[in-house]
Structures are given as structure tokens and as C-alpha cells.
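Reader: I should like a close look at a single part of this protein, taken slowly and with its surroundings included. Please set out where that part sits, what covers it, and how it fits into the chain as a whole.

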Amino acid sequence: MPADQAVQLFSDRYSALVNAGLEREPDTDRWLAAGLPGGADIERRYRLGQDQVRAYVDWAEAHPTETWKTPEDKPALELYFLVELGGVNVRGYIDQVVQDPDGALRPRDWKTGTTKSRFQLEVYTVALRKAYDVEVNKADWYLAKNGGLSRPLKMDAITEEQVAERFVAMDAGVKAGDFPPQPGFQCRFCDVSHACFFKSNLSGNLK
Ligand code: SF4
């Protein structure tokens, strides 16, 4: 797809989603925004998204990537998985699974912002191995802010047991209702901040 067409697709989709959001909550001051008030943030991200889409198409043309095909012969994009780790059902979607020239697979997460989670890539690694019995030794991020890939993260030493341990602890915490509040900078990006007692008590300097 040429860059102009991809940018148009993004613009149409973004506008449709924003309009649907405005129907649900017309007051943009109540929208979660970063840095700018709601309305200005919507416009800023529209421009930013267009720039990031164009940069992605340019990057993809200069760096051809082979997307892995699943046994069902489907390209591994937004690849759904459901695996059991330590007795906990874990499901998710992997943005892309790349097939390296040596045949090994590499989960890739596409990031528009800067927040990165190594654990997320570890989960994808273990999920791919478990669901498809394939070799996964590396993982990486496409970073739209930089218009390129992160360095590859080594995954060969990651085991199912290590990843399962964290899900088991998380699951036990959820079942015990153990949710210690940690108000701070991240409250600005929190999906439930509008209903959070702890945020509202500290909102003077957090909002
Ligand atoms: S708003 Fe509340 S739930 Fe959200 S991050 Fe802050 S303290 Fe945690």
C-alpha cells in the first residue's frame, strides 16, 4: 500500500473512532489526554499518527520483512493466542511475528509511544513456543517515535516457568483483592482514574 493510501486509511479510521468516542463522551475535558487538553490532544495525535504511518511505510519499504505464516497459512498479524501458564489461562494478540532468515520466529510489538515492557515480549515468546512448538530466540519493538526497530532482545534464556511464575503471583493477587494503590505520574494515563478514590484525593497535583 502506498504511503498516501495508508495515511488516508489511518485518517478515516481515527476520525471514525474519535467521532464514536465523542458520541459517548462529548466533553473532551473528560477524555484521557497527555500534555494537552482533550480537544487539542485529539488533533495533535491525528497529525502525529499521520506522520507515524507515513514513516512506517517508508521504513517497511526500505526494510522488507517476512511475516510468518501460521499453520493455517494466515499471516501472523494481530495473532491471537490462548495458553495455560502455571494453571492460569493467558490470552493476547501479538502485533506481528517475523520469520528470520535462519527460520526462527521473532515476535514484534509495534509501539506508538515510549512505554515498553520486556515482560510482554517474554510472554509472546513463551506463548508462541507453547502454541506452535516453534523456535523463538529474539523479540523486538517497532518504535514509531523513532521510525525504526529497537535492538533485538535475547529471549533464548526465557523459560515458561519464569513467565508462569509472574502470572501465578498476579492471579493470586487478583483473587485476594490485593490492589495496593500507587498514585503518581501514571495516573494521567490510567483508564480508571475517573473513578479512583486515591487519585481524587491527590488530584490537585496529579491532574
Ligand atoms: S488513578 Fe488510581 S488506579 Fe489509576 S494509577 Fe492512579 S492510583 Fe492507580
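Author: Thr-125 has its place in helix 3, and in this predicted model the residue is buried, because its relative accessible area is 0%, against a limit of under 20% for that class. Leaving aside neighbours within four places in sequence, Thr-125 is in contact with Pro-107, Val-136, Ala-139 and Met-155. Of these, Pro-107 falls within strand 3, which covers residues 105-111, and Ala-139 falls within strand 4, which runs over 138-143. A further point of reference is Gln-96, which is 29 residues away from Thr-125 along the chain, with 12 Å between the two C-alpha atoms.

The helix around Thr-125 can be described next. Helix 3 has 15 residues, which at 1.5 Å a residue should span 21 Å, and the end C-alpha atoms are 21 Å apart, so the two values agree. Besides Thr-125, the buried residues of helix 3 are Phe-119, Leu-121, Glu-122, Val-123, Tyr-124, Val-126, Ala-127 and Leu-128. An α-helix has 3.6 residues a turn, so residues three or four places apart point the same way. The cover over the buried residues of helix 3 includes strand 1, strand 2, strand 3, strand 4, strand 6 (153-154) and helix 4. Just after the helix, Asp-133 takes a positive phi of about 55°.

Helix 3 also has a part in the largest nonpolar core, a set of 28 residues in which Phe-81, Leu-85, Val-90, Val-97, Val-163 and Phe-167 touch the most other members. Two or more residues of this core come from each of strand 1 (77-85), strand 2 (88-99), helix 3 (118-132), strand 4 (138-143) and helix 4 (160-175). Among these elements, helix 3 gives the most, with seven residues. Phe-167, whose position falls within helix 4, touches two residues of helix 3, Phe-119 and Val-123, and also touches Leu-85, Val-88 and Val-90, when residues up to four places away in sequence are not counted.

Two residues from the strands show further contacts with helix 3. Val-83 is found in strand 1 and counts as buried because its relative accessibility is 6%. Apart from neighbours within four places in sequence, Val-83 is in contact with Ala-127, Lys-130 and Ala-131, and likewise with Val-88, Asn-89 and Val-90. Between Val-83 and Lys-130 there are 7.2 Å in space from C-alpha to C-alpha, although the two are 47 residues apart in sequence. Asp-109, in turn, lies in strand 3 and is buried because its relative accessible area is 3%. With residues up to four places away in sequence not counted, Asp-109 touches Gln-120, Leu-121 and Tyr-124, and it also touches Asp-95, Asp-140, Trp-141 and Tyr-142.

Strand 1 also holds Glu-78, which is partly exposed because its relative accessibility is 49%. The phi of Glu-78 is near 50°, a positive value in a residue other than glycine. Most residues other than glycine have a negative phi. Asp-73, in the loop between helix 2 and strand 1, likewise has a positive phi, near 65°, and is exposed because its relative accessible area is 57%.

Helix 2, at residues 38-62, has 25 residues and reaches 36 Å from its first C-alpha to its last, close to the 36 Å expected. Its buried residues are Gly-38, Asp-41, Ile-42, Gly-49, Gln-50, Gln-52, Val-57 and Trp-59. Their cover includes helix 1 (3-24), strand 3, strand 4 and strand 5 (148-149); strand 3 and strand 4 are also among the elements that cover the buried residues of helix 3.

As for the chain as a whole, there are five helices and six strands, arranged along the sequence in the pattern α-α-β-β-β-α-β-β-β-α-α. Of the 207 residues, 34% are buried, and among contacts with a separation of 6 or more, 54% join residues 24 or more positions apart. The C-alpha trace spans about 50 × 50 × 30 Å along its principal axes. The chain exposes about 13,300 Å², of which carbon and sulfur atoms supply 53%. There are 26 positive and 31 negative side chains, and the centres of these two sets lie 4 Å apart.

How values were computed
Residues numbered from 1 in each chain as written. Predicted model: local features only at pLDDT ≥ 70, side-chain atom pairs only at ≥ 80, totals over all residues. Heavy atoms only, no water. Helix = DSSP H or I, 4+ residues; strand = E, 2+ residues; numbered from the N terminus. Buried < 20%, exposed > 50% of the residue type's maximum accessible area, 1.4 Å probe, protein only. Contact = heavy atoms within 4.5 Å. Areas by Shrake-Rupley, 256 points an atom, 1.4 Å probe, with all protein chains shown as cover. Lys, Arg positive; Asp, Glu negative; His and termini not counted. Charge placed at Lys NZ, Arg CZ, Asp CG, Glu CD. Core = buried A, V, L, I, M, F, W, Y, C linked by side-chain atoms within 4.5 Å. Expected span 1.5 Å × (residues − 1).
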